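Please load the model in your viewer and keep the sequence panel open beside it. The tour below proposes a series of selections and says what each of them shows.

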Amino acid sequence: MPVLPLSAYLRLARASAAYDVVQILPFATPWTFALLLGQLSALNVWLGGAPLPPFAPLHLLLSTLLGTLVLLWCAVRLKEPSLRLGRFDGLGRLLFAFWIGWAMLEADLPVLWLFLIPELLWGVAQWWPVVQASGSSTPRAAFTSAAPMRSSRGG
């Protein structure tokens, strides 16, 4: 399996964060989400699904909390991308994909394909093997951005 140099991986991690900003920004306020919900509902109908139900204030609160947290997570990854953060983001994306898939099984929501496919692709990409910066072909540990440390006891 081919491996990515760390520099390429960090560009990938930063690109995934930039994608998230564009994708999640409409979820960040009740007003932008209200506009988005209408568009998503129309798109779901166009794809063969039913209109989306209107959101109650609690649903709006949860969606805007999600949007706000994801935007903050994006800011961290844009400012200081790392292998560790990329791995956590990849895991989060695979978990999101799982829950999106569950929702698709529970309801007539073909519009969720537009969220599921990118989450799966970014999740897999951020779990791709990465080589050490020194040019060694030894992949790094999954959640670290540095070579293994030696023990202070000489190990």
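The stops run from the whole chain to the interior, then to aromatic pairs and the surface.

Begin with the whole chain in cartoon form, bearing in mind that this is a predicted model. The secondary structure comes to 5 helices and 2 strands, and, read along the sequence, the elements follow the pattern β-α-α-α-α-α-β. Of the 155 residues, 34% are buried, and the accessible surface comes to about 9700 Å², with 74% of that area belonging to carbon and sulfur atoms. Among contacts between residues at least 6 apart in sequence, 71% join residues at least 24 apart.

Next, select F27, L40, I100, L112 and F115, which are the residues with the most contacts inside the largest nonpolar core, a set of 17 residues. If you colour by helix, you will find that α2 (30-46), α3 (57-79), α4 (83-106) and α5 (113-125) each supply at least two residues of this core. Centre the view on I100, and show its contacts beyond four places in sequence: L112, F115, L116 and E119. A second, separate core has 5 residues, including L6, Y9, A13 and V130.

Stay in the interior and select G67, which is found in helix α3. Which residues does G67 touch, not counting those up to four places away in sequence? They are I24, F27 and A28, and G67 itself counts as buried because its relative accessibility is 0%. A distance label from G67 to P26, drawn between the C-alpha atoms, should read 7.7 Å, although the two residues are 41 apart in sequence.

Now move to Q126, in the loop between α5 and β2 (130-131). Is Q126 buried or exposed? With a relative accessible area of 0%, Q126 is buried, and, leaving aside residues up to four places away in sequence, Q126 touches Y9, L12, A13, S16, G86, R87, D89, G90 and R93.

For the aromatic stop, display the rings of Phe, Tyr and Trp; a search of the whole structure finds 6 aromatic pairs. One of them joins F33 and F55 in a tilted arrangement, 5.0 Å centre to centre and with 50° between the planes. F33 lies in helix α2 and F55 in the loop between α2 and α3, so this pair ties together parts that are 22 residues apart in sequence. The two partners differ in burial class, since F33 is buried at a relative accessible area of 3%, whereas F55 counts as partly exposed at 33%. Adding F27 and F115 to the selection shows a cluster in which ring pairs link F27, F33, F55 and F115.

Turn then to W99 and W102, whose rings form an edge-to-face pair at 6.3 Å centre to centre, with 80° between the planes. Being 3 residues apart in helix α4, W99 and W102 are separated by about one helical turn. W99 counts as exposed at 52% relative accessibility, while W102 is partly exposed at 47%.

Finally, switch to a surface representation and select L91, L94, L95, F98, W99, W102, L120, V124 and W127, which form a nonpolar patch with about 880 Å² of accessible area together. Helices α4 and α5 each supply at least two residues of the patch, and α4 gives the most, with 6 residues. L120, a patch member, lies in helix α5 and is partly exposed, with a relative accessible area of 37%.

Definitions and conventions
Residues numbered from 1 in each chain as written. Predicted model: local features only at pLDDT ≥ 70, side-chain atom pairs only at ≥ 80, totals over all residues. Heavy atoms only, no water. Core = buried A, V, L, I, M, F, W, Y, C linked by side-chain atoms within 4.5 Å. Buried < 20%, exposed > 50% of the residue type's maximum accessible area, 1.4 Å probe, protein only. Helix = DSSP H or I, 4+ residues; strand = E, 2+ residues; numbered from the N terminus. Contact = heavy atoms within 4.5 Å. Patch = residues over 30% accessible without salt bridge, like charges linked within 9 Å, V, L, I, M, F, W, Y side chains within 5 Å. Areas by Shrake-Rupley, 256 points an atom, 1.4 Å probe, with all protein chains shown as cover. Salt bridge = Lys/Arg side-chain N within 4 Å of Asp/Glu carboxyl O. Phe/Tyr/Trp six-rings, centres within 6.5 Å; stacked < 30°, edge-to-face > 60°.
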